[in-house]
Amino acid sequence: MLDHALTRLLPMLLIGLTCQAVANPPSAVDEGYAIAALYDISDAGFKDSRVKMEMILHNAAADSVSRHLTLSTLEKSSPNTGDKTLVVFSSPADVRDTALLNHPKITSTDDQWLYLPSIKRVKRISTENKSGPFVGSEFAFEDFTSQELDKYSYRFLRRDHLQEREVNVVERVPLDVNSGYSKQVVHFDIEHRQPLKIEFFDRKQAPLKTLVLSDYREYDGVWRSLDQRMTNHQTGKSTDLLLTDYEFDIGLSSNDFDSTALKRLTR
């Protein structure tokens, strides 16, 4: 589904704008938005998906612990919302059945709920806690919600090379005042339009974390990274996400992503 905000940039997209010289070159803001919009378009049309994940937490002393979870996603039905996601842990025992439900918003703070099996309660995540670590990982709660196009402002920085790929480097600034990030710098693969690296900066503009995405696979025109590593530069810790067994268009509906679904799925 094309986001309604893309209409102001369709002329650029139709001529395949990727920082090439044109008679009237666009501003860095419009160019950054157009590059991000190409990524947004490339991800449309998958309907729903489910994937198994292994989360490996590494501390500064190189000790590690593994967790297993399933991520389900329902594609957005309106340009005013985002893709809904549901994360459910299956192991180890101390986090089994812990679940996180995300309802992304475009113009306001996302709605997030956490199910805690130890107390059998669904807890709404407050806006102040969205930048906090999710179950001890280097991913924040807000990292587990969809990165919708119009949740950011954009600025094109440069063309570069990464992982032997040509990339467009774009700065994006969260519009949500409750975000834990002052800005992010995204390296988009020019050929496949996918992010290969995202650099996160804290509210003081200092480098905080870097997410590296690799081992991309194509599923009927939709690309997904199967290997992701988030490194925290301030703590020396990192978290790996290894994804397997992707399934698409499996018949998920909005009923699978309401707050009561958290308890229902973990009975």
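This is a tour of the cavities, the largest pocket, one strand residue and several salt bridges in a predicted model.

**Enclosed space**

Start with the interior, where there are 2 cavities of 30 Å³ or more. The largest cavity has a volume of about 910 Å³. Select Tyr39, Thr145, Ser146, Gln147 and Gln228, which are the closest to its centre among the 39 residues that line the largest cavity. Then colour the lining by residue class: 20 residues are nonpolar, 10 are polar and 9 are charged.

Next, show the secondary structure around the largest cavity. Helix α2 (28-42) supplies at least two lining residues, and so does each of the strands β1 (48-58), β2 (64-74), β9 (183-189), β10 (195-201), β11 (207-219), β12 (222-232) and β13 (238-248). Which element has the largest share of this lining? It is β12, with 4 residues.

Move to the second largest cavity, which holds about 40 Å³ of space. Select Ala36, Tyr39, Asp40, Gln147, Glu148, Leu149, Tyr154, Arg172 and Phe188 to display its lining. Here α2 gives the most, with 3 residues. By class, the lining of the second largest cavity divides into 5 nonpolar, 1 polar and 3 charged residues.

**The largest pocket**

Now turn to open space. The largest pocket contains about 250 Å³. Its lining has 20 residues; select Ser108, Asp110, Lys151, Asp176 and Ser179, which lie nearest the centre of the pocket. The lining of this pocket comprises 5 nonpolar, 9 polar and 6 charged residues.

**Lys84**

Select Lys84, in strand β3 (residues 84-91). Is Lys84 buried, partly exposed or exposed? Its relative accessibility is 25%, so Lys84 counts as partly exposed. Leaving aside residues up to four places away in sequence, show what Lys84 touches: Ser72, Thr73 and Leu74, then Asn102, His103 and Pro104, and finally Ser254 and Phe257. For a distance, pick the C-alpha atoms of Lys84 and Asp111: they are 10.0 Å apart in space, with the two positions 27 residues apart in sequence numbering.

Keep Asp111 selected and add Lys105 and Arg124; a network of salt bridges links these three residues.

**Salt bridges**

The whole structure has 16 salt bridges. Three further pairs can be inspected one by one.

- Select Glu166 and Arg159. Their side chains meet in a salt bridge, 3.3 Å from N to O. Glu166 is partly exposed, at 35% relative accessibility, and Arg159 is also partly exposed, at 38%.
- Select Glu191 and Arg165. The salt bridge between their side chains is 2.6 Å, N to O. This pair links distant parts of the chain, 26 residues apart: Glu191 is in the loop between β9 and β10, and Arg165 is in strand β8 (residues 165-174). Glu191 is exposed, with a relative accessible area of 56%, whereas Arg165 is partly exposed at 25%.
- Select Glu171 and Lys183. In this salt bridge the closest N and O atoms are 3.8 Å apart. Because Glu171 lies in strand β8 and Lys183 in strand β9, the pair ties together parts that are 12 residues apart in sequence. Glu171 has a relative accessible area of 13%, so it is buried.

Technical notes:
Residues numbered from 1 in each chain as written. Predicted model: local features only at pLDDT ≥ 70, side-chain atom pairs only at ≥ 80, totals over all residues. Heavy atoms only, no water. 1 Å grid on protein atoms, 1.4 Å probe; cavity = no way out; pocket = protein on both sides within 12 Å on 5 of 7 lines; lining within 4 Å. Points joined across faces, edges and corners; volume = space filled by probe spheres on them. Nonpolar A, V, L, I, M, F, W, Y, C, P; charged D, E, K, R; others polar. Buried < 20%, exposed > 50% of the residue type's maximum accessible area, 1.4 Å probe, protein only. Contact = heavy atoms within 4.5 Å. Salt bridge = Lys/Arg side-chain N within 4 Å of Asp/Glu carboxyl O.
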